[in-house]
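Hi everyone, thanks for making time for this one. I'd like to walk you through a model, and I'll begin with how far we can trust it.

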Amino acid sequence: MGLQRRAAHDQVPAQARPALNIVLAILASYLLGATPTSYIAGKLGRGIDLREHGSKNLGATNVYRILGWKYAIPVALFDIAKGALPVLVFSHPAWLAVAAGAAAVLGHMFSPYVRFKGGKGVATAAGMFLALAPVAVLIAIPVWGICLWVTGYVSLSSIFAVLTVPIWVTLVQPSSQYVFWASIALVVLIIFAHRKNISRLLAGTESRFRTRPSGRPAVRPSDQ
């Protein structure tokens, strides 16, 4: 009888362990995504808080505006890695990979390390989908580049490229339902993050991302 009670007692932690592992995986993904890369770059580069300069956004575009390409490129690559790594580490089951990637994106946008004021999530989301649906992202990247070249608006290019992701996912991975619905959620999240940019675009006051002949960036505060 004592043995039966002990066996029953030991079964509880074993049953709870998978759920605990899932919670820890999502939490770890969120905290990784929340790493304030742009904030760190600002502190290391000039000893400044990027939330007080330029667009006041902790994203690679604002890093480029304030610190230049030398810092912007590593920041962008690290932000992409923040989205891709959780998906690759927690790749099974498929829904967990999606949940981990989404947690990283939310962490980037709402980082507890910087009072929940982060970036707009485009680079981290790109990393997430680069791991989930690489072909779809490789198609969306030229869409972003062409739109930026034609319009000069980083925000509009990001929104337009993200809007096409569900289409590419449907075409190249028609059986990946979790990835498809994640791409729909991504569209909603990115549009929400760019709501102020959308207002400025409609009002005709959004600034363009251009490079002056001297090579100095010409991004103004309303860029992302």
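Over which residues does pLDDT stay under 50, and how many contacts beyond four places in sequence does the model have for them? The stretch is residues 211–224, and the model gives it 42 such contacts. Remember that what you see is a predicted model. Where pLDDT is low, the predicted coordinates should not be read in detail. So please treat those 42 contacts with that caution in mind.

Now for the rest of the chain. The mean pLDDT of the protein chain is 84, and 86% of the residues score at least 70. Among the elements, confidence is highest in helix H4, at 94, and lowest in helix H1, residues 2–33, where the mean is 73.

On to the fold itself. The protein chain has 10 helices and 0 strands, so you can read the element order from the N terminus as α ten times over, α-α-α-α-α-α-α-α-α-α. Of its 224 residues, 43% are buried. If you take contacts between residues at least 6 apart in sequence, 62% of them join residues at least 24 apart. As for the surface, about 12100 Å² is exposed, with carbon and sulfur atoms supplying 69% of that area.

Let me pick out one residue in helix H1, namely Ser29. Is Ser29 buried or exposed? Its relative accessible area is 1%, and because the cut-off for buried is under 20%, Ser29 counts as buried. Leaving aside residues up to four places away in sequence, Ser29 touches Pro86, Phe90, Ala100, Ala103 and Ala104.

My last stop is for those of you who like looking at empty space. How many cavities of 30 Å³ or more does the structure hold? There is 1, and the space in this largest cavity comes to about 60 Å³. It is lined by 14 residues, and the closest to the centre are Thr35, Pro36, Thr37, Leu58 and His108. Two elements give two or more residues to that lining: helix H2, residues 37–46, and helix H4, residues 69–89. By class, the lining of the largest cavity has 7 polar, 4 nonpolar and 3 charged residues.

To bring two threads together, helix H4 contributes to the cavity lining and is also the element with the highest confidence. Thanks for listening, and I'm happy to go back to any of the views.

Conventions: Residues numbered from 1 in each chain as written. Predicted model: local features only at pLDDT ≥ 70, side-chain atom pairs only at ≥ 80, totals over all residues. Heavy atoms only, no water. Helix = DSSP H or I, 4+ residues; strand = E, 2+ residues; numbered from the N terminus. Buried < 20%, exposed > 50% of the residue type's maximum accessible area, 1.4 Å probe, protein only. Contact = heavy atoms within 4.5 Å. Areas by Shrake-Rupley, 256 points an atom, 1.4 Å probe, with all protein chains shown as cover. 1 Å grid on protein atoms, 1.4 Å probe; cavity = no way out; pocket = protein on both sides within 12 Å on 5 of 7 lines; lining within 4 Å. Points joined across faces, edges and corners; volume = space filled by probe spheres on them. Nonpolar A, V, L, I, M, F, W, Y, C, P; charged D, E, K, R; others polar. pLDDT = per-residue confidence, 0-100.
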